[in-house]
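The following exercises are to be worked with the sequence and the coordinates at hand. Each task is followed by a solution in steps.

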Amino acid sequence: AQLYLSREGYNGMHGGSASDDTETPATQLLQYCAKASRVTYHPGRQPGLMMLRGVPVVNTWTPAASARVEAGGDITPWLTHAEWLIPDRRERDILLKWMAWTLQNQNKKSNWQILLGGYQGSGKDTLIQPLKIGIGTQNATEIPASYLLEPYETYLKSKLLIVQEIQNFERTSIQNKLKRILAANQGDAECDEIPVRMFGQKHIHIPNLVQTIFMSNHRSTAMQVAEDDRRMFAIWSERQVTERDNQYFKDLHNWLGWRGEAGEYPYGYGNGVVIDYLMRMDLSGFNAHGRAPGTAFKNHLIAASRTALEIRLREAIEDKEGPCEADLVNANVLVKWFEQQGLQTNIKALSLALTRCGCESKRDSLKGGKNMTYRYWIVRNNQKWIAATGADRARYFDKRGMKNVLFSGIRPVK
């Protein structure tokens with residue numbers, strides 16, 4: 001076991017502190033010990049004292065305890081369950097290779113994560129149980145989705161994060177937290193770190209290497225997925241627990257957790273066989289750093305995520321209706337136009353819909369004005385207008401007689 005103490009903590013344990021120049025237990029000890037500048041959590045790197053960017057830090061990550069297995073053990077029970085739960089061979093192969101890649105590359109992070117949906121009791125957790133043990137139970141954290149509402153992010157100090165009962169969150173703060181979890185990180189020795197707010201502790205900085213599996217029983221409301229999403233590989237299982245009798249799951253759990261006649265398999269024989277199988281899996285052709293592969297379930301979530309406002313906005317942009325006839329549009333004008341169309345909205349809701357439609361917000365300085373800017377949205381030809389100069393965009397506004405609209409936002413739109 002490892003114990004990490006501050007100077008004050010060590011003094012309290014070994015004789016208290018001194019009020020004069022007398023050496024304390026901590027100062028005596030420090031003469032013989034290396035000093036770390038801070039604590040981190042870096043999966044796949046050396047546990048304990050290590051160097052990071054030339055600075056000594058304490059790595060609190062520890063590898064999983066070795067599970068005793070016979071190499072090449074019979075994997076049939078687990079593969080049979082995987083085939084039953086996810087009949088689509090392509091989707092199943094991608095999921096198993098993602099699991100194998102996660103186990104084989106613990107100092108890296110894939111560019112996309114997993115959403116595994118299905119009916120309650122169908123064995124989704126049973127399928128991923130060996131991965132949790134292979135990563136190490138001390139490195140795998142399982143939380144209810146409600147924890148994402150809390151300000152603390154202790155769960156990010158994990159290699160594997162399993163979020164149970166994920167359901168569509170519309171709050172901006174939750175969406176931003178999901179972005180942090182899903183953010184890509186190539187994951188090498190010098191990978192970027194993120195600040196994590198720990199419960200009862202100061203912020204710590206750790207590399208963003210957490211691999212995440214979201215679990216859900218909600219088919220149409222599991223998660224908001226944008227049209228251009230690249231981060232989520234979504235699978236839905238239609239299997240019902242009633243399709244298998246209780247003996248099937250009992251036998252599978254017994255196989256996974258069997259400890260042997262003399263307790264020689266402390267983490268379960270079947271779990272060890274699956275870990276060995278995943279560790280030896282050939283991953284040639286598997287792209288962990290590309291775009292998440294598409295699925296029918298993901299397309300369903302994209303369609304279900306569209307609000308009435310977003311659907312109407314997409315139509316207006318595609319058909320060049322009203323203010324969306326122009327490439328550059330003022331949000332206030334759009335709100336007024338939608339109200340005239342009988343669709344009540346506000347700037348906040350409209351901004352979210354514009355973002356989900358792939359539009360980009362832009363701010364330019366007012367020519368001749370002191371500390372004055374105007375904001376608008378690029379609704380098409382994004383690359384062209386981002387690359388254009390402020391003068392080019394100003395000429396576009398002048399040519400179309402849009403200068404006053406940018407500021408008032410209340411001129412009636414035909």
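Helices are DSSP runs of H or I of at least four residues, numbered from the N terminus. The model is a predicted one.

**Exercise 1. Place M279 and describe its surroundings.**

Task: In which helix does M279 lie, and with which residues is M279 in contact beyond its neighbours within four places in sequence?

Solution.
- Step 1. M279 belongs to helix 8.
- Step 2. The relative accessible area of M279 is 41%. Buried requires under 20% and exposed over 50%, so M279 is partly exposed.
- Step 3. Once neighbours within four places in sequence are left aside, the contacts of M279 are L103 and Q104.
- Step 4. A100 is separated from M279 by 179 residues in sequence, yet their C-alpha atoms are 6.1 Å apart.

**Exercise 2. Assess the confidence and the overall make-up of the chain.**

Task: Which elements have the lowest and the highest mean pLDDT, and how many helices and strands are there?

Solution.
- Step 1. The average pLDDT of the chain is 83, and 82% of the residues score at least 70.
- Step 2. The lowest mean among the elements, 47, is that of helix 15 (residues 403-408), whereas helix 4 (residues 89-104) has the highest, 97.
- Step 3. Over residues 406-414 pLDDT stays under 50, and the model has 19 contacts beyond four places in sequence for this stretch.
- Step 4. The chain contains 15 helices and 13 strands. It has 414 residues, of which 45% count as buried.
- Step 5. Considering contacts between residues at least 6 apart in sequence, 67% join residues at least 24 apart.
- Step 6. The accessible surface is about 21600 Å², and carbon and sulfur atoms account for 50% of it.

**Exercise 3. Check the length of helix 7 and identify its buried face.**

Task: What span should helix 7 have at 1.5 Å a residue, and which of its residues are buried?

Solution.
- Step 1. Helix 7 (residues 246-257) has twelve residues and should span 16 Å; the distance between its end C-alpha atoms is 17 Å, which agrees.
- Step 2. The buried residues in helix 7 are Y248, F249, L252, W255 and L256.
- Step 3. Viewed down the axis of helix 7, these buried residues fall within an arc of 125°, so they line one face. The general rule is that an α-helix has 3.6 residues a turn, so residues three or four places apart point the same way.
- Step 4. N246 and K250 are exposed on the face turned away from the buried side of helix 7.
- Step 5. The packing partners of the buried residues of helix 7 are helix 3 (76-85), helix 5 (124-135) and helix 8 (269-279).

**Exercise 4. Analyse helix 12 and the environment of R356.**

Task: Which residues of helix 12 are buried, and is R356 buried or exposed?

Solution.
- Step 1. At the start of helix 12, the backbone nitrogen of K348 has a side-chain oxygen of N346 within 3.2 Å.
- Step 2. L350, A353, L354 and R356 are the buried residues in helix 12. Seen down the axis of helix 12, they fall within an arc of 165°, so they line one face.
- Step 3. These buried residues pack against helix 9 (296-305), helix 10 (308-319), helix 11 (331-340) and strand 13.
- Step 4. R356 has a relative accessibility of 11% and therefore counts as buried.
- Step 5. Not counting residues up to four places away in sequence, R356 touches Q224, V225, A226, E227, S305, R306, E310 and R314. A polar atom of the R356 side chain lies 3.3 Å from the backbone oxygen of V225.
- Step 6. After helix 12 comes G358, with a positive phi near 85°.

**Exercise 5. Characterise the positive phi values of E165 and N381.**

Task: Where are E165 and N381 found?

Solution.
- Step 1. E165, which is not a glycine, has a positive phi near 55°. The loop between strand 6 (160-164) and helix 6 (172-182) holds E165.
- Step 2. With a relative accessible area of 38%, E165 is partly exposed.
- Step 3. N381 is likewise not a glycine, and its phi is positive, about 55°. The loop that contains N381 runs between strand 13 (373-378) and helix 13 (382-387).
- Step 4. N381 is partly exposed, at a relative accessible area of 41%.

Methods: Residues are numbered from 1 along each chain as its sequence is written. This is a predicted model: local features need pLDDT of at least 70, side-chain atom pairs count only at pLDDT 80 or more; totals for chains, interfaces and linings use all residues. Side-chain values use heavy atoms; hydrogens and water are left out. pLDDT is the predictor's confidence in each residue, from 0 to 100. Helices (H or I, at least four residues) and strands (E, at least two) are DSSP runs, numbered from the N terminus. Contact means heavy atoms within 4.5 Å. Buried means under 20% relative accessible area, exposed over 50%, partly exposed in between (1.4 Å probe, protein chains only). Accessible areas come from the Shrake-Rupley method with a 1.4 Å probe; for residues, only the protein chains shown count as cover. The expected span of a helix is 1.5 Å times one less than its number of residues. The arc is that of the directions from the helix axis to the C-beta atoms. A polar contact is a pair of N or O atoms within 3.5 Å; within protein, one must be able to donate a hydrogen and the other to accept it, and residues adjacent in sequence count only if both atoms are side-chain atoms.
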